[in-house]
Amino acid sequence: MGVTFVMTLLMSLVVSLAWHKGVPLALLCLLFFGFIEVVFISSSCTKIPEGGWFPLMLAAVLMFIMYVWHYGSRKKYLHDQHNKVPMKWILTLGSSLEVVRVPGIGLIYTELASGVPATFSHFLTNLPTFYQVVVFACVKTVPVPCVPAKERYLIGRIGPKSYRMYRCIIRNGYNDVHINEDDFENDLVVSIAEFIQLEAEGSEAHEGHMDGRLAVVKSSDNFGKILLASNSSNNAESSCSRPPGTVNSGKSAALQRLKSRYEQESPQFSHRRRIHFHLSDARYKDSRGREELMELLEAKHEGVAYVMGHSHIKAKWNASFLKRFVVNVAFSFLRKNCRSPSVVLNIPRTCLIEVGMNYWL
C-alpha cells in the first residue's frame, strides 16, 4: 500500500506536468485516490503488533543491504574517476619508466568509458613490463533488450599509433547472454583489425596524440577477404599446419612446452576452440596499417591476458563510526561473499592477472 500511495503522488505530477491538465485536476486525483489508500494503510498499521512487523523488518534489512552496496560501489567508481591517469602521463610513458613490451595482448577491464584507470599505472609502477598490444575494455549494459552483434563494439585509439593502445566499449543489452571467452577474444581481435583497416583507408588518417573518437565497427564482406581464420585443435597441430602469412610465436621452447603440458593436464582446456588469424594476399594502401595488423595477429597468437583491479575499500581512521561500519564491515562482507568479476565474465584463471589496490574513503 505504501508503494501504491507513492505511485499516486507521482501520478499527480504526471497529470500536471506531462499531460498539462492543470493543478486543480491533479489535486483532485491526489485527494480522491490518496484518501482511499491512506485508509488502507492505516488499517494495515493496526496489524503490526500481531506479526506485521516482520515484513517491515525484512524490508528494512534488504534496504540497508542495497544501500550499503550502492554506497560502496558509487564511492569506488568516483575514486576511479578522480584518480584516472591523464594522457600526458601516457605520452611520456616509454621514456620515463622504460616500459618493456612483451608479446601478447593485455586486456584491461575498467568501468571508465574514458581515461586510463589507476590500475594500469599501479601495475607499471611496480612492474614496468606490459604487453605489446594494450586494450582497455569497458563493459556497459544499455537500456535495450538486445544489442546486434554488428553494433556491439566501439573501438578507439589511445595515444599515437606506435603505442598500440586501444579502447573498446562492449555494449550489452539486459537480455543478452554472455558468450564464452574464446568467442569474445576472436570478436575483439576482428573488431580491432577492422578499425585499423578503416583508419588506414582514410577515416582517421591523422596521427592522434589523444583519445580518438570511438567508432562503431561493423563487419563487412570486404573485410572478411582481408582477415582469414583457421581452426586448430591443439598447439602441435597449429604449429605443424599453419597457413601461410601467419606469425610465428615469440615464446621460448620451454615456455611452449610448459603451456602445452598444463593445457593437457587441465580438463577445462579440452573444449576450447582455437582460431588462428592470418592476412590474405590482398594489397594494402598503407604499409603501416599492414604492419599494425601483423603485430595484432602476432599478439593474438601469443595469447590474451586479462588484467583486473582487485580493490580493497577502507574508511579513513578519522571517519565517523557509522561510515567505518558501513565501509569496513558491511560493504567488505558483501564484497567477500559476492562473485568476483572474473567469475561473472568467465575468465580462465591461467589468463587472469589481478592488481590489488587500497582505496581510502
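How much of residues 22-41 is helix, and how far apart are the end C-alpha atoms? Select that stretch to start. Residues 22-41 are 95% helix and 0% strand. Their end C-alpha atoms lie 28 Å apart. Keep in mind throughout that this is a predicted model.

**Stop 1: the annotated segments**

UniProt lists residues 22-41 and 53-72 under "transmembrane region", in an unreviewed entry. Select the other segment now. Residues 53-72 are 100% helix and 0% strand. Here the end C-alpha atoms are 29 Å apart.

**Stop 2: the whole chain**

Zoom out. The protein has 13 helices and nine strands. Of its 361 residues, 37% count as buried. Now take the contacts with a separation of 6 or more: 82% of them join residues 24 or more positions apart.

**Stop 3: H1 against H2**

Select helix H1, residues 2-18, together with helix H2, residues 23-45. Their axes are 9 Å apart, and the packing angle is about 175°. H1 is therefore roughly antiparallel to H2, since angles over 145 degrees count as such.

Show side chains. From H1, the contact uses Gly2, Thr4, Phe5, Thr8, Leu9, Ser12, Val15 and Ser16. From H2, the partners include Val23, Leu25, Ala26, Cys29, Leu30 and Phe33. Further along H2, Gly34, Glu37, Val38 and Ile41 also take part. Color by residue class: eleven of the contact residues are nonpolar, six polar and one charged.

Center on Ser12, in H1. Is Ser12 buried or exposed? Ser12 has 11% relative accessibility, so it counts as buried. Beyond its neighbours within four places in sequence, Ser12 touches Ala26 and Leu30.

Next, pick Leu28 in helix H2. The C-alpha atoms of Leu28 and Ser12 are 8.8 Å apart, with the two positions 16 residues apart in sequence numbering. Leu28 counts as exposed because its relative accessibility is 55%.

**Stop 4: the loop between H1 and H2**

Move to His20, in the loop that links H1 and H2. Most residues other than glycine have a negative phi. His20 has a positive one, near 55°. With a relative accessible area of 64%, His20 is exposed.

**Stop 5: H3 across H12**

Select helix H3, residues 48-82, and helix H12, residues 321-336. Their axes come within 9 Å and cross at roughly 95°. The two helices are therefore roughly perpendicular to each other.

Show the contact side chains. H3 brings Phe64, Ile65, Val68, Trp69, Tyr71, Gly72, Ser73 and Lys76. H12 meets them with Lys323, Phe325, Val326, Val327, Ala330, Phe331, Leu334 and Arg335. By class, the residues of this contact are eleven nonpolar, two polar and three charged.

**Stop 6: Ser311**

Stay with Lys76 and Arg335 on screen, and add Ser311. Both are contacts of Ser311, as are Met357 and Tyr359, leaving aside neighbours within four places in sequence. Ser311 lies in strand E8. Its relative accessibility is 9%, so Ser311 counts as buried. Add Glu354 too. Ser311 and Glu354 are 43 residues apart along the chain, and their C-alpha atoms are separated by 9.3 Å.

**Stop 7: the nonpolar cores**

Which residues have the most contacts inside the largest nonpolar core? Select Leu107, Val135 and Tyr306. The core around them has 29 residues.

Now select the elements that give two or more residues to this core. Among the strands are E1 (100-109), E2 (129-141), E3 (153-157), E4 (165-172) and E8 (304-314). The helices are H7 (181-200) and H11 (287-302). H7 supplies the largest share, seven residues.

A second, separate core holds 17 residues. To find it, select Val116, Phe123, Ile158 and Met165, which are among its members.

**Stop 8: Arg164**

Finish at Arg164, in the loop between E3 and E4. Its phi is near 55°, a positive value in a residue other than glycine. Is Arg164 buried or exposed? Arg164 has a relative accessible area of 10%, so it is buried. Put His20 back on screen as the counterpart: His20 also has phi near 55°, and His20 is exposed.

Definitions and conventions:
Residues numbered from 1 in each chain as written. Predicted model: local features only at pLDDT ≥ 70, side-chain atom pairs only at ≥ 80, totals over all residues. Heavy atoms only, no water. Axes fitted to C-alpha atoms, helices over the stretch in contact; angles between N-to-C directions. Helix = DSSP H or I, 4+ residues; strand = E, 2+ residues; numbered from the N terminus. Parallel < 35°, antiparallel > 145°, perpendicular 65-115°, else oblique. Contact = heavy atoms within 4.5 Å. Nonpolar A, V, L, I, M, F, W, Y, C, P; charged D, E, K, R; others polar. UniProt positions renumbered as here; feature names shortened; annotations may be inferred. Core = buried A, V, L, I, M, F, W, Y, C linked by side-chain atoms within 4.5 Å. Buried < 20%, exposed > 50% of the residue type's maximum accessible area, 1.4 Å probe, protein only.
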